[in-house]
Amino acid sequence: MFKCINRTAQFKRYIHSAGSSFSIKLNFRLVSSLPLRMTDPAVNRVVSEIIRSPEDKRVYRGLEFTNGLKAMLISDPTTDKSSAALDVQIGSLSDPSNISGLAHFCEHMLFLGTEKYPKENEYSQFLSEHAGSSNAFTSGEHTNYYFDVSHEHLEGALDRFAQFFLCPLFDESCKDREVNAVDSEHEKNLMNDAWRLFQLEKATGNQDHPFSKFGTGNKLTLETRPCVKRGSTSVKSS
Ligand SMILES: [Zn+2]
């Protein structure tokens, strides 16, 4: 049996209530050769026949849960760390037209505390204390979150990670700072040729298509304009 079976069962409980527009990928070390049984009633379907390269010696298992969530488990006896990724199948193409960058801003806010782990940097600190790292990205149709961590701390990392998608705090006190973080990211992108070409494609495309949206967002689109529209008196000139 996988040493990770309890961890996997626990993770299934997390994701069972997380909704249907997610998919996850877990990578961990196989510590025994007995098969993993997936008898949890939350598992709708188990897929063992995964098409892969003949050179790929890893063990794969696909799971589909009763809430529609799909997961891929990958066991690799040679990997030196465990990892997980979760993809939320929505991104900046779905931003409201009057708040460009909202999906990206939401991605940033999930890192800043959850009901179970309210301390702002709890997740990052836990990972850095256990040889781990994390990141996320927002594209047009996806928002993706991922981390790696030493094998023995996968459970703790998953617990903190899963809370992002269950009970994020979205604490208002973090909002201004995170708008500034997104703004800085955009300023940095302005100097990058790949980002400039991407913007050129958007600017020369059909302006009625969602692809033309400004996905990164900045202080102007996330704070200044929405506040002006609401008639807020707290708007500062920028
Ligand atoms: Zn960002």
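Me: What makes the site of the zinc ion irregular in this predicted model?
Reply: The angles among its four donor atoms run from 52 to 145°. Four donors count as tetrahedral if all angles lie between 85 and 135 degrees, and as square planar if opposite donors are over 155 degrees apart and all others between 65 and 115. The range of 52 to 145° meets neither rule, so the site is called irregular.

Me: How do you know which atoms are the protein donors of the zinc ion?
Reply: A donor is an N, O or S atom within 2.8 Å of the metal. NE2 of H104, NE2 of H108 and two OE entries of E185 lie 2.1 to 2.7 Å from the zinc ion, so they count as donors. Water is not among the atoms, so the site may look incomplete.

Me: Where do the donors fall along the chain?
Reply: Their spacing is H-x3-H-x76-E. The pair of H108 in helix 2 (residues 102–109) and E185 in helix 5 (residues 172–189) links distant parts of the chain, 77 residues apart.

Me: Why is H108 called buried?
Reply: Buried means under 20% relative accessible area. H108 has 12%, so it is buried.

Me: Is E185 buried, partly exposed or exposed, and why?
Reply: Its relative accessible area is 24%. Exposed begins over 50% and buried ends under 20%, so E185 is partly exposed.

Me: Which residues lie nearest the centre of the largest pocket?
Reply: They are H104, E185, N189, W195 and T216, from a lining of 30 residues. Two of these names, H104 and E185, also appear among the zinc donors. About 680 Å³ of space lies in this pocket. Helix 2, strand 6 (133–138), helix 5 and helix 6 (193–204) each supply at least two residues of the lining, which divides into 10 nonpolar, 13 polar and seven charged residues.

Me: What makes a space a cavity, and how many does a search of the whole structure find?
Reply: In a cavity a 1.4 Å probe fits but cannot get out. The search finds three of 30 Å³ or more. The largest has a volume of about 60 Å³, and its lining includes Y123, R160 and F164.

Me: Which residues have the most contacts inside the largest nonpolar core?
Reply: They are F65, Y123, Y145, F147, F161, F164 and F165, in a core of 27 residues. Helix 4 (154–163) is one of the elements that supply at least two residues of this core, and its four residues are the largest share.

Methods:
Residues numbered from 1 in each chain as written. Predicted model: local features only at pLDDT ≥ 70, side-chain atom pairs only at ≥ 80, totals over all residues. Heavy atoms only, no water. Donors = N, O, S within 2.8 Å, 3.2 Å for Na, K, Ca; no water. Tetrahedral: all angles 85-135°; square planar, octahedral: opposite > 155°, others 65-115°. Buried < 20%, exposed > 50% of the residue type's maximum accessible area, 1.4 Å probe, protein only. 1 Å grid on protein atoms, 1.4 Å probe; cavity = no way out; pocket = protein on both sides within 12 Å on 5 of 7 lines; lining within 4 Å. Points joined across faces, edges and corners; volume = space filled by probe spheres on them. Core = buried A, V, L, I, M, F, W, Y, C linked by side-chain atoms within 4.5 Å. Nonpolar A, V, L, I, M, F, W, Y, C, P; charged D, E, K, R; others polar.
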